[in-house]
Amino acid sequence: MSPVPARDRLSEYRARADVVRSRVILSSVVGHVVALRRAGNEWSGLCPFHSDTRAGSFMVNDSKAIYKCFACGASGDHFGFLEAQQGFSFIQALEALERDNGLGALNFSNPAVVREMEAARAARDAAAAADSERRSKRGQALWFGAVGIERSPAEYYLRGRGLWVGADEHGELGLDRWPSSLRYRPDVWCRESRDASGLDKLPAMVAGIWHLSGKMLGAHRTYLNIDGWDHSQKSGIVTKARLNDAKMTIGPTLGGYIPINKGTHSHTLRDIPEGTDIYLSEGIEDGLSVACGAPHLRIIAGVSLSKLASVQLPPQMGALVFIMQRDNDGSAAAGAVERAIASHQKQRRTVKMLWPPDGYKDWNDYLMGKTMGRADHGG
């Protein structure tokens, strides 16, 4: 008997995996490792992938058959969980799930089973699309319901990070204007704050996240501590909120970016002149810091470190320049940046790196004169 072609075996494995996802409840799989408790339509618990001390960031959604930790970024489905926790390969995880749930006897050449698999996949895809659109609309509503950052706590948060508009007291020129993508809201829902103190809404700087097509995908939140804010004078000391994760996103942000600085040209990113270099930062503050010193550059932020590889960019662009950071621990962050660089190089883009001067962790620290080894400013 001739061997089964590899493509046919792969098709069979995918079909089997679809049936497993539709029939096996993910929380029961995770529940063997993590003590879960109901949280609305989801389950939450201590994340098994990092030294988690407070439940709330690690969530399991049975309807979408995915888990995600909003603190360390770990995510996946049934197979990803068993691969990470047990060291299983995909096939080993698939066989274990079939065996433990009595699915091993299914005949995957049976048309009825195939129809079940296809129906499950179609239902899951439809549910995922509807959920994506719902989250996108929530992110859009959050941003459109916010106000411009001028004279708001968000502006003073950025000022506290050494950023400014116009000329400072020494006559040094900063940004021409604050990016219109940045806004402020005093009442942004925060799960971590609710779980820790019962206060479910915090003030936040809200940044819009766009796709290259021009569609707004969602929003990025930087939660703020405004204990030092004088409401009558509309000024004061504002810092990042004291949370395990003070920066969160809402909406399907994959592929998106936060506009930071248009530079010499006022075109949308999609329509920039041929050969225009694009500078890509991990965070908003780093991108603004470079813009202060080089206002002619086209600068965008990539939402988060893990999303840098997915940012969609126009084909007529020049070089892609990563605005780099020097991480003290190095390993995880460096690996994510290396993957992002490789991803864009595979798309035949010229990739360059813009490093902060020696002794500085990032460009915002350089702007503030904060050398490595000094107390972190909460960036």
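How many of the ten residues of H8 are buried? Nine of them are, so helix H8 is largely enclosed by the rest of the structure. Buried here is under 20% relative accessible area, exposed is over 50%, and partly exposed is in between (1.4 Å probe, protein chains only). Before the close-ups, a note on what you're looking at: this is a predicted model, where local features need pLDDT of at least 70 and side-chain atom pairs count only at pLDDT 80 or more, while totals for chains, interfaces and linings use all residues. Residues are numbered from 1 along each chain as its sequence is written, and side-chain values use heavy atoms, with hydrogens and water left out.

**View 1. Helix H8 packs on an open sheet of five strands.** The strand order is S12-S14-S13-S15-S16, with mixed pairing. Strand S12 (258-261) and strand S16 (351-354) are the edges, each pairing on one side only. Neighbouring strands are turned by 30 degrees against each other on average, direction ignored. H8 (residues 284-293) touches S12, strand S13 (278-281), S14, strand S15 (320-323) and S16, and its direction makes about 20 degrees with that of S12. Contact means heavy atoms within 4.5 Å; axes are lines fitted to C-alpha atoms, for helices over the stretch in contact, and angles run from 0 to 180 degrees between N-to-C directions. The buried residues of H8 include Ile284, Leu288 and Val290. As for the labels, helices (H or I, at least four residues) and strands (E, at least two) are DSSP runs, numbered from the N terminus.

**View 2. At one edge of that sheet, S12 meets S14.** S12 and strand S14 (residues 298-301) run antiparallel and are joined by three bridges. Ile258 has Ala301 as its bridge partner in S14. Two strands count as paired if DSSP finds at least two bridges between them.

**View 3. Leu354 sits in the other edge strand, S16.** Its relative accessible area is 25%, which makes Leu354 partly exposed. Leaving out residues up to four places away in sequence, Leu354 touches Tyr279, Val290, Val321, Phe322, Ile323, Met324 and Trp363. Ser44 is 310 residues from Leu354 along the chain, and their C-alpha atoms are separated by 40 Å.

**View 4. Here are two loops on either side of S16.** Arg348 is in the loop between helix H9 (331-346) and S16. Its phi is near 65 degrees, a positive value in a residue other than glycine. Most residues other than glycine have a negative phi. Arg348 is exposed, with a relative accessible area of 81%. Gly359 belongs to the loop between S16 and helix H10 (363-368) and, at 35% relative accessibility, counts as partly exposed. Gly359 touches Thr371 and Met372, not counting residues up to four places away in sequence.

**View 5. S7 pairs with both S6 and S8.** Strand S6 (residues 147-148) and strand S7 (residues 182-189) pair in the antiparallel sense over two bridges. S7 and strand S8 (residues 201-210) are antiparallel too, over six bridges. Tyr184 in S7 is the bridge partner of Val147, and Tyr184 also stands opposite Met205 in S8. In the loop between S6 and helix H6 (153-160) is Arg151, with a positive phi near 60 degrees.

**View 6. Helix H5 has the span its length calls for.** At 1.5 Å a residue, the 34 residues of H5 (residues 111-144) should span 50 Å, and the end C-alpha atoms are 49 Å apart, which agrees. That expected span is 1.5 Å times one less than the number of residues. Among the buried residues of H5 are Val113, Met117, Asp131 and Trp143.

**View 7. Two empty spaces are shown: the second largest pocket and the largest cavity.** The second largest pocket holds about 590 Å³ of space. Of its 25 lining residues, Ser180, Pro259, Asn261, Lys262 and Arg298 lie nearest its centre, and S12 and S14 are the elements giving two or more residues to the lining. The largest cavity holds about 40 Å³, and H7 (191-197) gives the largest share of its lining, three residues. On a 1 Å grid over the protein atoms alone, a cavity is a set of points where a 1.4 Å probe fits but cannot get out, and a pocket is an open set with protein on both sides within 12 Å along at least five of seven lines; lining residues have an atom within 4 Å of a point. Grid points are joined across faces, edges and corners, and a volume is the space filled by probe spheres set on the points.
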